[in-house]
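I opened this entry to look up a few elements and one residue. The notes follow in the order I checked them.

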Amino acid sequence: MTAQNHITYDAFVELAVADPAVVGLVLKGSRAHVGMTTEHSDHDLYVVLADDATTDLTRFTGHRTPKLDLVVLSLDEFRAAGMPGFERYALARARIVLDRLDGAIAQILAEKARLDADEAFREADESLDAYANYLYRSVKNDRDGHTLAAQLDAADSIRFLLDLLFALDRRPRPYNKYLEWELARFPLPGWDTGPLLDAADRIAGTGDVSAQRRLFAQVEAVARQAGHGAVLDAWDEDLHLMRPQ
């Protein structure tokens, strides 16, 4: 194994800080989430280079070991990362190790952590429709005796429910691993975290139709208040099957 593959996180950070081409270092993943680190946690580090910079550190592009994963990219590429994309939440909760741009790295991360109003509204519309779709399928399958299908649809509905609730708060949805961590520190406005997670657990685990309907009643009220009534009204009479009986 080469010396490059043996490099530690601390050694790499020392190397990067000494290189003027590096304008930012951003740590993501479990080590950026207080209390989530385990003996298996590696360091996931974004290495942000000044645009058009020349540096020998590009040799670390794609570097990945059990202890250290590096993403080496330009400042422009860093601005675009996760916008949209799977990385958005990771960067929204990332920790700054180095910011040579007088707070510009912090500002970029803050922008990733906050959906703009139009984007959030579109995402909420789409997620609400998908949530209603899987809820309706689950309840209908339960009614018709398709127990496994009903449970699987119920579990799928929770994914879109969470997408919806975070979009309504203009936040990227956390990965499942960090859901409880996120809600413990940054609760969703208008939602009691404990009962919400309990309902999600019960619905995903059992497909309980009564629990689905009770939760939908809460979601419907919140969604209509936020201006998404047209999505619900498009379901017309099918709403009766989703609502508490």
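Before reading any crossing angle I noted how it is taken: axes are lines fitted to C-alpha atoms, for helices over the stretch in contact, and angles run from 0 to 180 degrees between N-to-C directions. I also noted that this is a predicted model.

**Entry: helix 5 and the sheet**

I looked up what helix 5 (residues 104–112) lies across, and found strand 1, strand 2 and strand 4. Its direction is at about 150° to strand 4.

I then went through the sheet itself. It is open, with four strands in the order 3-2-1-4, and the pairing is mixed. Strand 3 (68–74) and strand 4 (95–99) are the edge strands, each pairing on one side only. From one strand to the next, the twist averages 20°.

How many bridges join strand 1 to strand 2? I found six between strand 1 (residues 22–28) and strand 2 (residues 43–49), and these two strands run antiparallel. For a single position I took K28, which stands opposite D44 in strand 2. As a reminder to myself, strands of a sheet pair through backbone hydrogen bonds, either parallel or antiparallel.

**Entry: helix 9**

I checked the length of helix 9 (residues 193–206). At 1.5 Å a residue, its 14 residues should span 20 Å, and the end C-alpha atoms are 20 Å apart, which agrees.

Which residues of helix 9 are buried? I listed T193, L196, L197, A199, A200 and I203. Seen down the axis of helix 9, the buried residues fall within an arc of 160°, so they line one face of the helix. The general rule I kept beside this is that an α-helix has 3.6 residues a turn, so residues three or four places apart point the same way.

On the other side of helix 9, I found D198 and D201 exposed. The cover over the buried residues of helix 9 includes helix 7 (147–168), helix 8 (179–185) and helix 10 (209–225). Just after helix 9, I noted that G207 takes a positive phi of about 75°.

**Entry: Y131**

I placed Y131 in helix 6 (residues 117–143). Is Y131 buried or exposed? Its relative accessible area is 2%, and the cut-off for buried is under 20%, so I entered Y131 as buried.

I then looked up what Y131 touches, leaving out residues up to four places away in sequence: S157, F160, L161, Q212, L215, F216 and V219. I also took one distance: the C-alpha atoms of Y131 and A154 are separated by 9.3 Å, with the two residues 23 apart along the chain.

Methods. Residues are numbered from 1 along each chain as its sequence is written. This is a predicted model: local features need pLDDT of at least 70, side-chain atom pairs count only at pLDDT 80 or more; totals for chains, interfaces and linings use all residues. Side-chain values use heavy atoms; hydrogens and water are left out. The expected span of a helix is 1.5 Å times one less than its number of residues. Buried means under 20% relative accessible area, exposed over 50%, partly exposed in between (1.4 Å probe, protein chains only). The arc is that of the directions from the helix axis to the C-beta atoms. Contact means heavy atoms within 4.5 Å. Two strands pair if DSSP finds at least two bridges between them.
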